[in-house]
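Grab a pencil and work through these exercises with the model open beside you. Try each task before you read its solution.

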Amino acid sequence: MPANLPLTDWTGRVAWLVGASTGIGRALAHALHRRGATVIVSARGAAALQAFADGHPGAQALPVDVTDPAAVQAAAAVLLARHGRLDFVLFGAAVYQPMRADRFDLDIALRHQRVNVEGALNLVAAVLPALRAQAAAGTPAHLALVASVAGYRALPLALAYGPTKAALIHLAQSLHLDLCGTGLGVSVVNPGFVRTPLTAGNDFRMPALLEPDEAAEAMLRGWARGEFEIHFPRRFTWLLKVLRWLPTGTYEQLVRRATGH
């Protein structure tokens with residue numbers, strides 16, 4: 001039995017993608033628009049959002065800073081007033097700056113927390129009451145959070161980033177536990193390495209590196225199957241899942257050897 005109602009037909013669905021100016025979010029916005037969804041793209045970069053909307057008839061650009069709870073609440077209210085419902089909401093906003101313990105920077109670490117974790121909480125707070133009411137009235141909805149395999153277990157240079165993604169995985173699990181069977185689906189997306197502006201700063205080999213459009217297609221396949229956790233590429237993510245069960249010393253030795261860190 002699938003964990004969520006499968007999402008196969010996107011025609012006419014109202015999809016709000018937060019964190020869609022570049023990378024995976026933008027690729028997903030393109031894929032959903034191509035499948036007939038009404039796509040609203042949000043991020044801080046107004047110019048990039050408008051460029052997407054201009055190239056995709058019917059799409060809408062709605063700039064928002066996820067670290068501003070009032071702004072997120074206002075954006076959600078605008079969309080609900082305009083469309084009357086939200087069928088699909090995705091949180092994909094993120095910052096990533098490589099960090100190790102010998103160069104710990106509190107400001108950078110807290111910036112990750114504000115965007116990656118508090119941003120997600122701001123969006124959940126803004127949409128959850130409406131999504132629950134919508135589902136209770138018989139119109140299913142879906143909430144998706146983009147985390148990362150960096151949330152599985154510690155990886156090199158992820159001292160600021162990894163803990164925030166672990167928090168998102170737990171948040172999604174808790175939401176799904178509470179909402180399963182209500183008509184409001186919840187999923188977490190755990191990508192491996194994807195070629196985006198976020199990963200451009202990595203100075204190590206990124207195994208099984210995907211392009212953003214490949215990541216978007218993997219996400220769509222996962223939602224079509226009703227999955228809770230959507231992880232890809234599976235030849236890489238299943239390996240990381242197995243490595244989680246290794247003793248700490250063995251795990252760290254293997255990771256250092258594989259990455260050079």
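**Exercise 1.** In which strand is Ser 42 found? Then work out what surrounds this residue.

*Solution.* Before we start, a word on the ground rules. This is a predicted model, where local features need pLDDT of at least 70 and side-chain atom pairs count only at pLDDT 80 or more, while totals for chains, interfaces and linings use all residues. Residues are numbered from 1 along each chain as its sequence is written, and side-chain values use heavy atoms, with hydrogens and water left out.

Step 1: Ser 42 sits in strand β2; strands are DSSP runs of E with at least two residues, helices are runs of H or I with at least four, and both are numbered from the N terminus.

Step 2: Ser 42 counts as buried because its relative accessibility is 0%. Buried means under 20% relative accessible area, exposed means over 50%, and partly exposed is in between (1.4 Å probe, protein chains only).

Step 3: now look for polar contacts (pairs of N or O atoms within 3.5 Å; within protein, one must be able to donate a hydrogen and the other to accept it, and residues adjacent in sequence count only if both atoms are side-chain atoms). The side chain of Ser 42 makes one with the side chain of Trp 16, at 2.7 Å. A polar atom of the Ser 42 side chain also lies 2.7 Å from the backbone oxygen of Leu 62.

**Exercise 2.** In what order do the 7 strands form the sheet? Place Trp 16 too.

*Solution.* Step 1: read across the open sheet and you get β3-β2-β1-β4-β5-β6-β7, with parallel pairing. Two strands pair if DSSP finds at least two bridges between them.

Step 2: the edge strands, β3 (60-61) and β7 (229-232), each pair on one side only.

Step 3: zoom in on β1 (residues 14-18) and β2 (residues 38-42), which run parallel and are joined by 5 bridges. Trp 16 stands opposite Ile 40 in β2.

**Exercise 3.** What share of the 261 residues in the protein chain is buried? Add the overall picture.

*Solution.* Step 1: buried residues make up 51% of the 261.

Step 2: count the elements, and you find 8 helices and 7 strands in the protein chain.

Step 3: for the overall extent, the C-alpha trace spans about 55 × 40 × 30 Å along its principal axes.

Step 4: take contacts (heavy atoms within 4.5 Å). Among those between residues at least 6 apart in sequence, 67% join residues at least 24 apart.
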